[in-house]
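Okay, can everyone see the screen? I'll put the model up and then talk through some spots I'd like you to look at.

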Amino acid sequence: MSLSRDESDQMDTRMLTALVQLRGALQAARLPLDVPGVEERRTSRQQMIDQLEDYVIPRQMTVDAPLLVVVGGSTGAGKSTLVNSLVGRRVTASGLLRPTTRSPVLVHHPDDATWFGQDRLLPDLVRTDHATDDPHALQLVACETVPEGLAVLDAPDVDSVEEHNRTIAAQLLAAADLWLFVTSAARYSDQVPWDYLRQAAERSTAVAVVLDRTPADAVQTVAAHLARMLASRGLKDSPLFTVNEAPITEDGLLAAREVADIRGWLTALAEDGDARALVVRQTLDGTIRALGRQTHQVADAVAAQLEAAADLRARANEAYDDAAAGLVRESGDGTLLRGEVLARWQELVGTGELLRSLDNRVGRLRERVVSAVRGTPQQADRVLLAVEAAAEALVLDHAESAATRVHTAWAESDVGPGLLAGRDDLGRAAGDLRRRAESEVRAWQEEVLDLVRAEAADKRTSARFLAYGVHGLGVALMVATFRRGAPVADDLGRTLLDAVFGDATVAALIERAGASLERRLTTLAESERTRYVAVLDGLDLPAAAPDLLRAASRRIDDRRFEQARSGVEPTS
C-alpha cells in the first residue's frame, strides 16, 4: 500500500507518541524492594530508558538522519586502527596501554554535522570538537572522506576492565543503526562479545563482523569457524569481513587495500538511500519490538514489588490489628484491675471513705468528712494514678509486642532487611509513646469525671459534697468500665453507682466511658502502625504501574503492525 508523505508522517508521529509514553511508564516504574532477581530488572529498566532516550526516540524523530555505524569489539581487536584506516587519516587514538580512558569519537561528513547536535542521538554525552579524556564527552570529527549519509563511531572495548568503559560501550552499541563488530583470531571466541552479538540477534539489529589482525595462513580456517558460530547464533545473514595482519603506517593506518571491502560496502550503503533506510528500519523496528517484550518483564517485576509490599503491609496490619484488639479486650475484661489498681481500689472501698463521701442522708457531717470535702480525696487520687500507670503499661506492652512481631517478620522476608537497615527504632515502640499514652489516659479520666459531673448536676447535693463525690464516683465508674466485659458479683462500685444514678443511667455511662477508652487505645495502636505503613508508602509503588506498562507495550505493538499494514513489514 502506497502512503502519501502526510500519512507517513502521521504514522511516524503516532509511533513517536507511543514511544514517549513508554519511556514515561518506565520512568514511573519503581523497583525499590530487593525481591529475587530484581537487580537484573533494575539494570534492564535503566537500559531501556537509556536506549529510548539515546537512540529510539531521536531516531524515530529523524528517520532520514545519516546511518550511524558503531565500531565495537574486544580489547586489542584493532577497532581504532580500523576506523582510522576506513576514514583514511588518524581521527581516533588507539590504545597502546589498556584500558584506554577517553571520549568516544564520531566521524561524519561535514554536511551531516547538524544531525549530531546535543539534542539528537546520545543527548547525555557532551559534544566536543577535540580529543579529551572525559568519558562523558562525544568528540565530533568532520571528515570529507566519510560518505555523506554515513557516520562512524569508535566505541570503547566491550570487555574493558574499567566498568565505565564497558557501560559507555553498551550505551553506544544500543544507539547504533549498524554494529561493525571487530574481533581477532585470538579473541573471536571470547564470551563477552558473543553476549553482545546474542543481544543484537534478539533485537534484529543490523550487524557486520570484521575478523581483524588474522595471519593470512589462518584467515580461511578462522573465518569459516566464525561464520558457523554466527549462523548458530542467529546471525547467518550478517556480512563477515576479514582483515589480514599487516604492517601499520607511521600515521597508524592499514593499507587501503586491507579495508577496501569494508569501505566499499559502507560507501554503497551510504549512497543507496533505500538500502540505508532498510538497515535503519530493521534495527529501529527490532529495537522497538524488543523494548515492547522487555516492558512486560518490567511490568512483572513491578507486580512482584507490589505483591512483596502487600505482604509486608499485611504482616504489619495483622500485628497491629491484634494489638488493637488486645487493648480493647483487656481494657474491659478486668486485666486493668490487677496489682496496684486493685490494691488502691480495695483501699478506697475498705476505708469506707467512698461510702462516707456518698452518704447524703447524714444531716450533720463529722469534722473529718468536712475536712476531706475541701480537697481531692487522697484515696481516690491514688486509684487514679494507679489506673494511669496500668493503662500506660498495657499500651506499651502491646506496642512493644507488635513492633517486635513486625520487625521479626520483615527481617525474615526477602525484602524486609533492606527497609529495616538503619531503622533500629522500628524494632520497638515509638520513643514518645509513653508520653502520648499518658496524655490519652489522663484525658480519658477527665472525660469520665465530666460524665459523672454532668449526671450529678441534677442531684440535690451541695457543691462541696459533689466536688468530693465526683472523684469517688468517677473512680467507681472507671472500675466498672474495666469490668464491662466480665462483670463480677457483689461489685460494690457498680452497686453504689446504681444507687446514685440508677442502673439504666450507669449502663449508659459505662458504655460511653468504654467506647471512649477503646477509641483512645485504638488510636494509640494505629499511630504505632503508621510507622511501618509510612515506610511502605514511601516506596511510591502505584498499584496501576504494571497495567500502565503493559498498556504502553500494547500501544507500541499496535503502531508496529500499523506500519506493517502500510507496507513496512516489522521484524518477527
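Start with Arg45, which is found in helix α2, residues 38-61. Keep in mind throughout that this is a predicted model. So, is Arg45 buried or exposed? Its relative accessible area is 16%, and the cut-off for buried is under 20%, so Arg45 counts as buried. What does Arg45 touch, leaving out residues up to four places away in sequence? The list is Leu26, Gln27, Ala29, Leu31 and Val298. Take Ala29 from that list: Arg45 and Ala29 are 16 residues apart along the chain, and their C-alpha atoms are separated by 8.6 Å.

Val298, another residue on that list, has a number that falls in helix α8, residues 273-330, so let's go to that helix. Helix α8 packs against helix α18, residues 545-565, at an angle of about 160°, with the axes 8 Å apart. Angles over 145 degrees count as roughly antiparallel, and α8 and α18 are therefore roughly antiparallel to each other. The crossing of α8 past α18 is left-handed. If you sort that contact by class, you get 10 nonpolar, five polar and six charged residues.

Helix α8 has another partner, α7, which covers residues 260-271. Here the axes come within 5 Å and cross at roughly 100°. That puts the pair in the 65 to 115 degree range, which makes α7 roughly perpendicular to α8. On the α7 side the contact is made by Leu269, Ala270 and Glu271, and on the α8 side by Gly273, Ala275, Arg276 and Val279. By class that's four nonpolar, one polar and two charged residues.

Okay, another helix pair. At what angle do α12 and α14 pack? It's about 135°, with the axes 9 Å apart; α12 is residues 378-411 and α14 is residues 433-456. That makes α12 oblique to α14, and the crossing is right-handed. If you want to colour the contact, on α12 pick Leu384, Val387, Glu388, Ala391, Glu392, Val395, Leu396 and Ala399. On α14 they meet Leu433, Arg434, Ala437, Glu438, Val441, Arg442, Trp444 and Gln445. The class split there is 10 nonpolar, one polar and five charged residues.

Hold on to Trp444, one of the α14 residues in that contact, since Thr481 touches Trp444 as well. Thr481 lies in helix α15, residues 463-482. How buried is Thr481? Its relative accessible area is 0%. Beyond four places in sequence, the contacts of Thr481 also include Ser331, Gly332, Ile510, Ala513 and Gly514.

Now over to the strands. Ser184 sits in strand β6, residues 178-184, and at 5% relative accessibility Ser184 is buried. Not counting residues up to four places away in sequence, Ser184 touches Leu211, Asp212 and Arg213.

Arg213 deserves a stop of its own. Arg213 is in strand β7, residues 206-214, and phi of Arg213 is near 50°, a positive value in a residue other than glycine. For context, most residues other than glycine have a negative phi. Is Arg213 buried or partly exposed? With a relative accessible area of 36%, Arg213 is partly exposed.

Leu122 also has a positive phi, about 50°, and Leu122 is not a glycine either. Leu122 is found in the loop between β2 (105-108) and β3 (126-128). At 1% relative accessibility, Leu122 counts as buried.

Zooming out to the whole chain: we have 18 helices and eight strands. There are 572 residues, and 50% of them count as buried. For contacts with a separation of 6 or more, 80% come from residues 24 or more positions apart.

Last topic, confidence. The chain averages a pLDDT of 87, and 90% of the residues score at least 70. Where does pLDDT stay under 50? One stretch is residues 360-376, for which the model has 15 contacts beyond four places in sequence. Another is residues 460-468, with 18 such contacts. Where pLDDT is low, the predicted coordinates shouldn't be read in detail. Okay, that's my tour; over to you.

Note on methods: Residues are numbered from 1 along each chain as its sequence is written. This is a predicted model: local features need pLDDT of at least 70, side-chain atom pairs count only at pLDDT 80 or more; totals for chains, interfaces and linings use all residues. Side-chain values use heavy atoms; hydrogens and water are left out. pLDDT is the predictor's confidence in each residue, from 0 to 100. Contact means heavy atoms within 4.5 Å. Helices (H or I, at least four residues) and strands (E, at least two) are DSSP runs, numbered from the N terminus. Buried means under 20% relative accessible area, exposed over 50%, partly exposed in between (1.4 Å probe, protein chains only). Axes are lines fitted to C-alpha atoms, for helices over the stretch in contact, and angles run from 0 to 180 degrees between N-to-C directions. Angles under 35 degrees count as roughly parallel, over 145 as roughly antiparallel, 65 to 115 as roughly perpendicular and the rest as oblique. A crossing is left-handed if the near helix is turned anticlockwise from the far one by less than a right angle, and right-handed if clockwise. Ala, Val, Leu, Ile, Met, Phe, Trp, Tyr, Cys and Pro count as nonpolar, Asp, Glu, Lys and Arg as charged, and the others, Gly among them, as polar.
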